[in-house]
Amino acid sequence: MVLRLWSRSGDLAGHSVHPVTSSSWVEGDITARIGPAADSPVARSGPFGPGSWTSVDVARLIEDPHQLSVVVTTLSRHNITFDSRKGPNRPQLVIWTKPAPGPSAMPLRLRR
């Protein structure tokens, strides 16, 4: 499972993805200074350039298959800008699944 974010700005420090410790936050109440508390990071990106996608493996977040809340942080001294769900390049959660097994070749015996 990969979280993809589009960055307009890019950054050499990269970013970290953290699970949120509580699901009681409200999107409209989040500001640069006030937001949900973050747990330890589960993934870190490398450096990325402006006008590009950055991807991190967040498979460790699948513990609760019903809800996924994350915080994205950086150690950079610069602001990093990512497109939101309202932007042209919305965040993407890419999930790969295995194909269902094919039918098995079992001999068929008919009784009369």
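In the predicted model, H18 has V71 of β5 as its bridge partner. This contact belongs to the pairing of β2 with β5, which is antiparallel and runs over 4 bridges. The two strands form part of an open sheet of 3 strands in the order β3-β2-β5, with antiparallel pairing. Within this sheet, β3 and β5 are the edge strands, each of them paired on one side only. Strands of a sheet pair through backbone hydrogen bonds, either parallel or antiparallel.

The protein chain as a whole contains 6 strands and 0 helices, so that its elements, read from the N terminus, follow the order β-β-β-β-β-β. Of its 112 residues, 26% count as buried.

Strand β1 takes part in further pairings. With β4, β1 pairs in the antiparallel sense over 6 bridges, and with β6 the pairing of β1 is also antiparallel, over 3 bridges. L3 has a bridge partner in each of these two strands: V56 in β4 and L93 in β6. β1 is mostly covered, with 5 of its 6 residues buried.

The pairing of β1 with β4 is accompanied by a side-chain contact. The count of aromatic pairs in the structure is 2. One of them joins W6 and W53 in an edge-to-face arrangement, with a centre-to-centre distance of 5.6 Å and an angle of 70 degrees between the planes. Because W6 lies in strand β1 and W53 in strand β4 (residues 52-57), the pair ties together parts that are 47 residues apart in sequence. W53 has a relative accessibility of 27% and therefore counts as partly exposed.

A search of the whole structure yields 2 salt bridges. In one, the side chains of R8 and D83 meet at a distance of 2.6 Å, N to O. R8 lies in the loop between β1 (2-7) and β2 (16-19), and D83 in the loop between β5 (70-73) and β6 (92-94), so this salt bridge ties together parts that are 75 residues apart in sequence. D83 counts as buried because its relative accessibility is 6%, the cut-off being under 20%.

In the other salt bridge, R85 is joined to E27, and the closest N and O atoms are 3.0 Å apart. R85 lies in the loop between β5 and β6, whereas E27 lies in the loop between β2 and β3 (43-44); the pair therefore ties together parts that are 58 residues apart in sequence. E27 has a relative accessibility of 46% and so counts as partly exposed.

The loop between β5 and β6 thus holds D83 as well as R85.

The largest pocket has a volume of about 1200 Å³. Its lining comprises 29 residues, of which I30, V70, V71, V72 and S84 are the closest to the centre. V71 is also the bridge partner of H18. Strands β1, β5 and β6 each supply at least two residues of the lining, and the largest share, 4 residues, comes from β5. By residue class, the lining of the largest pocket divides into 16 nonpolar, 8 polar and 5 charged residues. β5 thus contributes to this lining while serving as an edge strand of the open sheet.

Key. Residues numbered from 1 in each chain as written. Predicted model: local features only at pLDDT ≥ 70, side-chain atom pairs only at ≥ 80, totals over all residues. Heavy atoms only, no water. Salt bridge = Lys/Arg side-chain N within 4 Å of Asp/Glu carboxyl O. Buried < 20%, exposed > 50% of the residue type's maximum accessible area, 1.4 Å probe, protein only. Pairing = 2+ DSSP bridges. 1 Å grid on protein atoms, 1.4 Å probe; cavity = no way out; pocket = protein on both sides within 12 Å on 5 of 7 lines; lining within 4 Å. Points joined across faces, edges and corners; volume = space filled by probe spheres on them. Nonpolar A, V, L, I, M, F, W, Y, C, P; charged D, E, K, R; others polar. Phe/Tyr/Trp six-rings, centres within 6.5 Å; stacked < 30°, edge-to-face > 60°.
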